[in-house]
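Open the model in a viewer and keep the sequence panel visible. The stops below are given as selections, each followed by what is found there.

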Amino acid sequence: MSAPSTTPRAAATNSRDDSSSASLTPSRDLEPSVWSQLEPLLPQVSKPIQYVGGELGAVTKDWAAATVRWALMYPDAYEVGLPNQGVQILYEVLNELPDTLAERTYAVWPDLETLMRTHGVPQFTVDAHRAVRDFDVFGISFSTELGYTNMLTAIDLAGIPMLAADRTDADPVILAGGHAAFNPEPIADFIDAAVLGDGEEAVLEITGIVREWKAEGSPGGRDELLLRLARTESVYVPRFYDVDYLPDGRIQRVVPNRADVPFRVHKRTTMDLDAWPYPKKPLVPLAETVHERYAVEIFRGCTRGCRFCQAGMITRPVRERSITTVAQMVREGLEFSGFNEVGLLSLSSADHSEIGDMCSGLAEQYAGTNVSLSLPSTRVDAFNIDLAQELSRNGRRTGLTFAPEGGSERIRKVINKMVTKEDLIRTVVTAYTNGWRQVKLYFMCGLPTETDEDVLEIAEMAHEVIRAGRAATGSKDIRCTVSIGGFVPKPHTPFQWAAMDRPEVIDHRLKILKQAINSDRSLGRAIGYRYHDGEPSLIEGLLSRGDRRVGSVIRKVWENGGRFDGWSEHFSYQRWVDAAAETLPAFGVDLDWYTTRQREELEVLPWDHLDSGLDKDWLWQDWQDSFSEFEQDDCRWTPCFDCGVCPSMDTEIQIGPTGKKLLPLTPLGGNGMRVPAGGGVHVPAGGGVQVSAGDHPA
């Protein structure tokens, strides 16, 4: 479906006084709801309930009483976006401010998009169905770059000018965040600003800046507001930076175009997770979503040092949430939501220094109930029989996924995934003997230096898993699923310089792997096989390491009907290839230049002016170490190896143990909270969870 040349701007403005160009605030005597326009369309679309709002945990505040108004978006469908932990946290943090209002919006499916364009209905929030264009800030959280086209749809439906340069004081500030915002250059033309890193404290600072600017009468208009944001040195405003290119297409430099903005923009790091026990009131969906559980982030950051892993690199250092705060969050979250599953989230949850006591304490507390525990991210070498027993104590066994990532021991050394085949077999057998009948094994294809032989060892490993499981349990009723994802080099990782394999190479390896798995029919029938072919990965690679010139490709794809590119049924590889071929030659580059080309040490990378805290020389050395298959230790348990994060960010690794045990909670006290035996968590008069000194991670 091609995008129309006109947008529903008139509909977006009929609840707004556009004559007031000096302020982002619409007239207070106007009600910005578009529900009366939207409601008649809902019977004509699939899953209309996803657009209705009113979920348990949702907040609708008085528009006129709010000074600063945020629209928060996860750029995917409701079923994917609602459970997103980051958006839920920011939604709650902002709405706790008495003069601030935050509402949510999600990507609309193409059937509703068509009707909205026909009937002039603008992009709306699901909370009070207000037009997104009426808000002060439109914040978009990107977990993956494949959400960029959905962002363009939302901007266009909202009646906001597509290009940041064309916006006026009457338009909201479009702010990008999330992991994909660590290189926002491909969308620099479309966003006004980006925040790197943790959002809890960042959104409060931004709210304060907007509040003060509006209280002063919006001096200097939009440009002054963006300048105030840029001066924080933790908000990146692309319009204040110019990019120069060399004749061969590489970047020569990225420099500020005015003297009062920083040369480098730094990421935000929230150090004390116990001070931010969110979400306290999780959203309970009305429609089916991909995750329906109460999720608690038990720690943030990872220092395992997997060379492909952007999330682990950019979220350093490790910061643990104390065992007592986790207990209180679980209790209150379950009581509020009614969920019957608790997800203990992190990049590698079994690495929490008190994971054993945490799981045993929670299992004891909820023994005899229908509440189950899950560790969505579990390292092969951190899972043991005690953990298995606690996770299955009440008889419900949620899925177990282990991620060896590479098929051969050689490739696992290259990527610094320090797991042996023996580790994997022992771990999976532990799961099988404790009642699990199916596990999922996740691998990647297309890793640097990878060969066909490395990939074929995945089949051998899967066969050994089934043999060992059958031998240990005496049963043939066990299965494993092999899931293969394509490797994508990411910014701020040692592999940011790596060349990608072409899709036909990836697809060849996936084909011979499937043949190898099925070569033994007795074992093969017990092994499921799921994979992502090489084409989406190549496009994700274009977007993850692209510069501002890639924005022309994104826009062309969107104009040609690109929507929901993260969904295989909507993704069109040919559409991206054609768009790249049409737009990039004008800049002297092409799709291969961005994807299958290996970068050189001294090349200026598009994100070099955006500081994740990692030292670029250290990343380069770790990239070189991968070729010699050198394994880098986890700095939580070994001396510092100078990645640069702690000194440059003025932070430190925070790990336990705290010395506390998670005991069953005592009856409700006078303040309405249960208190773990031995104390620990208490609520001060002003609210919020605090942890006494003895409970805080060292």
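Contact here means heavy atoms within 4.5 Å. Helices (H or I, at least four residues) and strands (E, at least two) are DSSP runs numbered from the N terminus. This is a predicted model, in which local features need pLDDT of at least 70 and side-chain atom pairs count only at pLDDT 80 or more, while totals for chains, interfaces and linings use all residues. Residues are numbered from 1 along each chain as its sequence is written, and side-chain values use heavy atoms, with hydrogens and water left out.

**Whole chain**

Begin with the whole protein chain, which has 23 helices and 21 strands. Of its 698 residues, 61% are buried (buried is under 20% relative accessible area, exposed over 50%, partly exposed in between, with a 1.4 Å probe and protein chains only). The chain exposes about 25300 Å², and carbon and sulfur atoms supply 50% of that area (Shrake-Rupley method with a 1.4 Å probe; for residues, only the protein chains shown count as cover). Among contacts between residues at least 6 apart in sequence, 77% join residues at least 24 apart.

**Helix H5**

Select residues 110-119, helix H5, and colour Leu-112, Glu-113, Leu-115, Met-116 and Arg-117, which are buried. What do the buried residues of H5 pack against? Add helix H2 (35-38), helix H6 (148-158) and helix H19 (551-559) to the selection, since these are their packing partners. Then step to Gly-120, which follows H5 and has a positive phi, near 70 degrees.

**Strand S13 and its neighbours**

Next select strand S13, residues 341-345. Five of its five residues are buried, so the strand is largely enclosed by the rest of the structure. Show the side chains: Glu-341, Gly-343 and Leu-345 point one way, Val-342 and Leu-344 the other, and all are buried.

Two strands pair if DSSP finds at least two bridges between them. Add strand S10 (residues 294-297), which runs parallel to S13 and is joined to it by four bridges. Within this pair, Val-296 has Leu-344 as its bridge partner. Now add strand S14 (residues 372-374), also parallel to S13, with three bridges between them. There, Ser-372 of S14 stands opposite Glu-341. Trace the chain from S13 through helix H11 (residues 355-365) to S14: this β-α-β crossover is right-handed (with the strands pointing away from the viewer, the path from the first strand over the helix to the second runs clockwise).

**Leu-286 and a surface patch**

Select Leu-286, in the loop between strand S9 (265-266) and S10. Leu-286 is partly exposed, with a relative accessible area of 42%. Add Ile-49 and Val-52: with Leu-286 they form a nonpolar patch on the surface, with about 220 Å² of accessible area together.

**Leu-227**

Move to helix H8 (residues 221-230), where Leu-227 lies. Is Leu-227 buried or exposed? Its relative accessibility is 3%, so Leu-227 counts as buried. Leaving aside neighbours within four places in sequence, Leu-227 is in contact with Phe-240, Arg-258, Asp-260 and Val-261. The C-alpha atoms of Leu-227 and Val-261 are 7.5 Å apart, with the two positions 34 residues apart in sequence numbering.

**Asp-520**

Finish at Asp-520, in the loop between helix H16 (503-517) and helix H17 (521-524). Asp-520 counts as partly exposed, at 29% relative accessibility. Draw a C-alpha to C-alpha distance to His-463: the two are 8.4 Å apart in space and 57 residues apart in sequence.

Note on methods:
Patches are made of residues with over 30% relative accessible area and no salt bridge: like charges are joined within 9 Å, nonpolar side chains (Val, Leu, Ile, Met, Phe, Trp, Tyr) within 5 Å. A salt bridge is a side-chain nitrogen of Lys or Arg within 4 Å of a carboxyl oxygen of Asp or Glu.
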